[in-house]
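Here is a walk through one protein, from a pair of strands out to the whole fold and back to a single side chain. Keep the structure open as you read.

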Amino acid sequence: MTLTRTPRESTMIEPTTLRVTLRAVDLADEREVATLIAFVNANYRSPFPIDAELVRDRLHRFFWAHDDAGARVGSAAYVRKTAFLAESIKTVVDPAHRQRGVGAAISRAIEAEIRRAGFTKAMSTIYIDNIPMIVIKLRQGYIIEGLHRDHEQPGLHEYSLGKLLTQ
């Protein structure tokens, strides 16, 4: 059996070659907070929009993601769950930058931020139909630790994935 790539697949950047830099959202800048909220809510399919209270919550850290050329390609965040565990949340790729490995690069970058902050385990809950992010996390060494049926509302199912960062 011979595997061939479609034209779209052959133009994709390998996930390990693309790098992004995360820059913390300036919580003192009302305009920047509002821009982040608008960006996430417009591009992250969820029945639970974020707001300024969540962005400013002391347990959360929100970031803009930039590529090597300085272009803003997305956003990410994490929330402190325990002294040892943080959950990556709201990983969002700008639609203009999708299908290039940006999601994987943002995932690696937010994991690095979680590690730098001193956490020893990262987790993520991902809607069961978000196959691209599930595959990204599995490729990055996360394991599926559970299925949450009707997690935040009836019919909304999520996988819980986790990874020890001490490895």
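Start with two strands. β2 (residues 60-67) and β3 (residues 72-80) run antiparallel, and seven bridges join them. Within this pair, R61 stands opposite Y78 of β3. Keep those two residues in mind. Note also that this is a predicted model.

Now widen the view to the sheet. Strands of a sheet pair through backbone hydrogen bonds, in a parallel or an antiparallel way. Here seven strands form an open sheet with mixed pairing. Their order is β1-β2-β3-β4-β5-β7-β6. At the edges are β1 (20-24) and β6 (143-148), each of which pairs on one side only. On average, neighbouring strands of the sheet are turned by 30° against each other, direction ignored.

Next come the helices on the sheet. Helix α4 packs on it and touches β1, β2, β3, β4 (85-93), β5 (121-127) and β7 (158-164). The direction of α4 makes about 35° with that of β3. Helix α5 (residues 131-139) lies across β4, β5, β6 and β7. Relative to β5, α5 runs at about 155°.

Step back to the whole chain. The protein has five helices and seven strands. Along the sequence they follow the pattern α-β-α-α-β-β-β-α-β-α-β-β. Set that pattern beside the strand order in the sheet, where β7 sits between β5 and β6. Contacts across the sequence can be counted too. Among contacts with a separation of 6 or more, 58% are between residues 24 or more positions apart.

What of the surface? The protein's accessible surface comes to about 9700 Å², and 54% of it belongs to carbon and sulfur atoms. Of the 167 residues, 41% count as buried.

Finish on one residue of α4. E113 lies in this helix, which covers residues 102-116. Is E113 buried or exposed? Its relative accessibility is 14%, so E113 counts as buried; the cut-off for buried is under 20%. What does E113 touch beyond its neighbours within four places in sequence? The answer is L22, R61, F63 and Y78. Two of these names are familiar: R61 and Y78 are the residues that stand opposite each other. The side chain of E113 also makes a polar contact, at 3.0 Å, with the side chain of R116. So the path that began with a pair of strands ends at a buried residue, E113.

Technical notes. Residues numbered from 1 in each chain as written. Predicted model: local features only at pLDDT ≥ 70, side-chain atom pairs only at ≥ 80, totals over all residues. Heavy atoms only, no water. Helix = DSSP H or I, 4+ residues; strand = E, 2+ residues; numbered from the N terminus. Buried < 20%, exposed > 50% of the residue type's maximum accessible area, 1.4 Å probe, protein only. Polar contact = N/O pair within 3.5 Å; in protein donor to acceptor, adjacent residues only side chain to side chain. Contact = heavy atoms within 4.5 Å. Areas by Shrake-Rupley, 256 points an atom, 1.4 Å probe, with all protein chains shown as cover. Pairing = 2+ DSSP bridges. Axes fitted to C-alpha atoms, helices over the stretch in contact; angles between N-to-C directions.
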